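Trainee: Could you take a close look at one part of this model with me? I'd like to go through it piece by piece.

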Amino acid sequence: MTVAVVALAAAGCGKSSTDSTSTSSKDGKYTAKGIGLAYDIGGKGDQSFNDAAYSGFKKAQGEFKIGGRDIEPQDGESDADKIQRLETLAKAGYNPIIGVGFSYAPAVKQVAVKYQKITFGIIDDDTIQAKNVADMVFHEEQSSYLAGVAAAKATKKNHIGFIGGVDIPLIHKFEAGFKQGAQSVNPKIKIESQYLTQTPQEGGFSSPDKGENAANGQIEAGADVIYAAAGLSGQGVIKSAAAHKVWVIGVDSDQYKQAALAKYKAYILGSALKNVGGAVYELANSVYEGKPLSGEVRGDLKSGGVGFADSNPKYQAMKDVVAAVDKAKQDIVNGKVTVNTK
């Protein structure tokens, strides 16, 4: 449990949200201080990617009765800042230590070599090959395919939109799956597509105003269902969709259930889920049990690593949409459909 709120004194490390005293398992095998979590751009409170990681962090803390420390990123930070952040957690005795986002790859690679008795995890990167590193990645294109099917079935104008946070291969997977899913329903459907920035440093994942402006443009062009894979920027997309009374599809977390988005939830058709929280929890569990995961750990529809949230009763009432999404899921799981990644 949290016993203090601590600000890091070291420059470049960012804010520490929580800190806990050392804990151990009942059999004494787990003697680390707890879980260390370092957030991606946008930080905690994005109601999406980072908050999904936080949910797994809190679940593990609660179930295993262990400590934990989660640290916020800084605007415009460098790899050196991330390295310092991970080293701070390692020196303090946290295990596992998880970098939330592919941008942590250089830092995890460097710090893991220095602290080989600690297990490191990285979300959305599979390039680090080390015995003490778990590369936690997902088939985002599969859940995005389901989002595309839902959008194509729900649109009244045969005109939908995709908004990506940053123009990078990871987000291309979301777009590719979404387009393929939509076109499986209607090959002639019109799809708006836009990326907010070319690099993360320009704020593509952390600027709700950019998301709102992009959504306004797509809605004005005629789109009546929009899917955003843009982290914190997606909140602006959701705000715009609600203001124009059109459907929006969330990402990573079940955004219909996010308290901060409650006033918009009537317009959140569903969410393309990525079980980042589950990945964080499973890595913590493996270390706690003394059998730490390593290598590539990939989540897909079959394993529950990705999915489509159906929390909105208005979505559940759209029986033809639900049936189409359910069939698409089975076709992917059974191998009848292979989803594009580009």
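Trainee: Let's start with helix α7 (residues 234-244): how many of its 11 residues are buried?

Mentor: Keep in mind that this is a predicted model. Eight of the 11 residues in α7 are buried, so the helix is mostly covered, taking buried as under 20% relative accessible area. Going along the helix, the buried ones are Gly-234, Gln-235, Gly-236, Val-237 and Ile-238, then Ser-240, Ala-241 and Ala-242. As for what covers them, these buried residues pack against one helix run, α6 (208-220), and against the strands β6 (159-166), β8 (225-229), β9 (247-252) and β10 (268-274). Right after α7 comes Lys-245, and its phi is positive, near 60°.

Now set α5 (residues 169-185) beside that. At 1.5 Å a residue, its 17 residues should span 24 Å, and the end C-alpha atoms sit 25 Å apart, which agrees. The buried positions in α5 include Leu-170, Ile-171, Phe-174 and Phe-178, and charged Lys-173 and Glu-175 are on that list too. Lys-173 turns up again among the salt bridges, of which the structure holds 13. Take the pair Glu-296 and Arg-298, whose closest N and O atoms are 3.1 Å apart. Glu-296 counts as partly exposed at 48% relative accessibility, and Arg-298 is partly exposed as well, at 29%. Elsewhere, shared partners join Lys-173 with Asp-124, Glu-140, Glu-141 and Lys-274 into one salt-bridge network.

Glu-77 is worth a stop too, with two salt bridges to look at. One goes to Lys-82, with the closest N and O atoms 2.9 Å apart; the other goes to Arg-85, at 2.6 Å. Glu-77 counts as buried because its relative accessibility is 11%. Lys-82 is buried at 6%, and Arg-85 is buried at 0%.

Last, have a look at Glu-87, which lies in helix α2 (residues 79-92). With 13% relative accessibility, Glu-87 counts as buried. The side chain of Glu-87 makes a polar contact with the side chain of Lys-114, at 2.5 Å. If you leave aside neighbours within four places in sequence, Glu-87 is in contact with Val-111, Lys-114 and Tyr-115.

Technical notes
Residues are numbered from 1 along each chain as its sequence is written. This is a predicted model: local features need pLDDT of at least 70, side-chain atom pairs count only at pLDDT 80 or more; totals for chains, interfaces and linings use all residues. Side-chain values use heavy atoms; hydrogens and water are left out. Helices (H or I, at least four residues) and strands (E, at least two) are DSSP runs, numbered from the N terminus. The expected span of a helix is 1.5 Å times one less than its number of residues. Buried means under 20% relative accessible area, exposed over 50%, partly exposed in between (1.4 Å probe, protein chains only). A polar contact is a pair of N or O atoms within 3.5 Å; within protein, one must be able to donate a hydrogen and the other to accept it, and residues adjacent in sequence count only if both atoms are side-chain atoms. Contact means heavy atoms within 4.5 Å. A salt bridge is a side-chain nitrogen of Lys or Arg within 4 Å of a carboxyl oxygen of Asp or Glu.
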